[in-house]
Amino acid sequence: MKIRLITFHTPKNYGAVLQAYSLMSYLKNYSDDVEIIDYNTPALRAKYPLKPKSKSIKQLIYNLLMYSAYSQKKKKIEKFDAFATNKLSLTKRYESLADLTADTPQADAVFTGSDQVFNPSRIEEERKVFYLDFLPSSAKKIAYAASFGVKSIPADKENEITGYLKSFDSISVRESSGIDIVKELSGKPAVEVLDPVFLNDKEFWKKTAVPYKVELGNYLFYYKLMNSFESDAAAQKIAKEKNLKLVVMTDSLIKWKADKILRDVGPEEFLYLINNANYVVTDSFHGVAFSLILEKQFTFSDMNDRTNERGLNLLQKAGIEQLAYAGGKSPDRELNYNEINERLAKLINISKDYISDSLGGIKLD
């Protein structure tokens, strides 16, 4: 069976590349011919520049303050490129929808997902690509952990999205709201599944990890995506309470003192830093996901209601929202991974069963 996958594998973002790698790796249990369609356009590449263009005085000042950090960020980008080259099985590069239409990848089944591949606000070309509109009718079209990124589809996009959804053989989504959207627009059932990183276990990810170049001792690992005083304060407070070095991984400006600031970390080193941390604080969904997979004691520190829904939803599924999301406070007791793993195992089985059923009921040994 020839299986192809299209997803967001080009961002210099840990969650994006690792979820792509995870789904690709898991699908190789079903076929020795699995590749990611290398849809890699100038528009997608432009979203992750080495440094933002100085379009305002404020941005110019920021770039000047961050100047010394850009050499470290360049190393990070090089590590991401090396990961794509060495770890991702890619097709030839497609720079546009026209390229895909002119030389459509041959496949028996094509997966799209996860992340916001179904977001209606994407440009028209990207909508056609990620909804697999370029494929012939002979290819089985499967969505895995697709997200719309919105609670409802704008009226002017409903007919277009309805047509796309009706063409799918099977659909799974990342949020329960997606089930309602699929049902309302297409009449089709959808299954809620876990992010692809959960398809592979703790040992898989430990083997994928590569040691970071510096020995850090006993440390709290703070994976920081957003600029939030509350999140920063939580990391500082918990590190102090636990008498741990505060190691921060971020691309943004740090206005306060940390023991170590890391800006040159590759995807495999990211896994190592989480796995070897004494404690993790993160405002990232995938920071939470890998903390759970690697069985770390951690706190989810995103206290912004506009951005924390995915992380809180995952904590709810694990049954630990009240413990791991404590408003920046250090939890009163440790996470019990016997209980957490038991809850997650049921959801992981649902996710794996969905893939098996979508591929014709093939069962793995």
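Which residues does Asn40 touch, not counting residues up to four places away in sequence? In this predicted model, the list runs to Thr10, Arg45, Arg93, Tyr94 and Glu95. Asn40 itself sits in the loop that links β2 (33–39) to α2 (42–45). With a relative accessible area of 7%, Asn40 falls under the 20% cut-off and therefore counts as buried.

The sheet is a good place to go next. It is open, has 7 strands paired in parallel, and reads β3-β2-β1-β4-β5-β6-β7 in order. At its edges stand β3 (90–94) and β7 (191–192); each has a single partner strand, so one side of each lacks a neighbour in the sheet. Two of the residues touched by Asn40, Arg93 and Tyr94, have numbers that fall within the range of β3, 90–94.

Strand β4 (residues 109–112) is worth a closer look. On one side, Ala109 and Phe111 are buried, and on the other, so are Val110 and Thr112, which leaves both faces of β4 covered. As for its neighbours in the sheet, β4 pairs with strand β1 (residues 2–6) in the parallel sense, over 4 bridges. Along that pairing, Ile3 stands opposite Ala109, while Ile6 has Thr112 as its bridge partner. Strand β5 (residues 140–146) also pairs with β4, again in the parallel sense and over 4 bridges. Here Val110 of β4 is set opposite Lys141 in β5. To get from β4 to β5 the chain passes through helix α6 (residues 124–130), making a β-α-β crossover that is right-handed. Helix α15 (residues 337–358) lies across β4, β5, β6 (170–173) and β7, and runs at about 170 degrees to β5.

Now for the nonpolar packing. The largest nonpolar core holds 70 residues, and the ones with the most contacts inside it are Phe198, Phe221, Phe270, Leu292, Phe298 and Ile355. Helix α1 (residues 14–27) supplies the largest share of this core, 9 residues. One of the well-connected residues, Phe270, touches Tyr14, Leu18, Phe221, Tyr223, Met249, Val265 and Phe290, leaving aside residues up to four places away in sequence. A second core, separate from this one, has 33 residues, including Tyr39, Ala107, Phe130 and Leu165.

Is Thr208 buried or exposed? Its relative accessible area is 5%, which is under 20%, so Thr208 is buried. Thr208 belongs to helix α9 (residues 202–208). The side chain of Thr208 reaches back to the backbone oxygen of Phe204, at 2.8 Å. Beyond residues up to four places away in sequence, Thr208 also touches Tyr21, Glu268 and Leu271.

Asp156 makes a handy contrast. This residue lies in the loop between β5 and α7 (158–166). Its relative accessible area of 63% is over the 50% cut-off, and so Asp156 is exposed. How far apart in space are Asp156 and Gly360? From C-alpha to C-alpha the distance is 35 Å, and in sequence the two are 204 residues apart.

Note on methods:
Residues numbered from 1 in each chain as written. Predicted model: local features only at pLDDT ≥ 70, side-chain atom pairs only at ≥ 80, totals over all residues. Heavy atoms only, no water. Buried < 20%, exposed > 50% of the residue type's maximum accessible area, 1.4 Å probe, protein only. Polar contact = N/O pair within 3.5 Å; in protein donor to acceptor, adjacent residues only side chain to side chain. Contact = heavy atoms within 4.5 Å. Pairing = 2+ DSSP bridges. Right-handed = clockwise from strand over helix to strand, strands pointing away. Core = buried A, V, L, I, M, F, W, Y, C linked by side-chain atoms within 4.5 Å. Axes fitted to C-alpha atoms, helices over the stretch in contact; angles between N-to-C directions.
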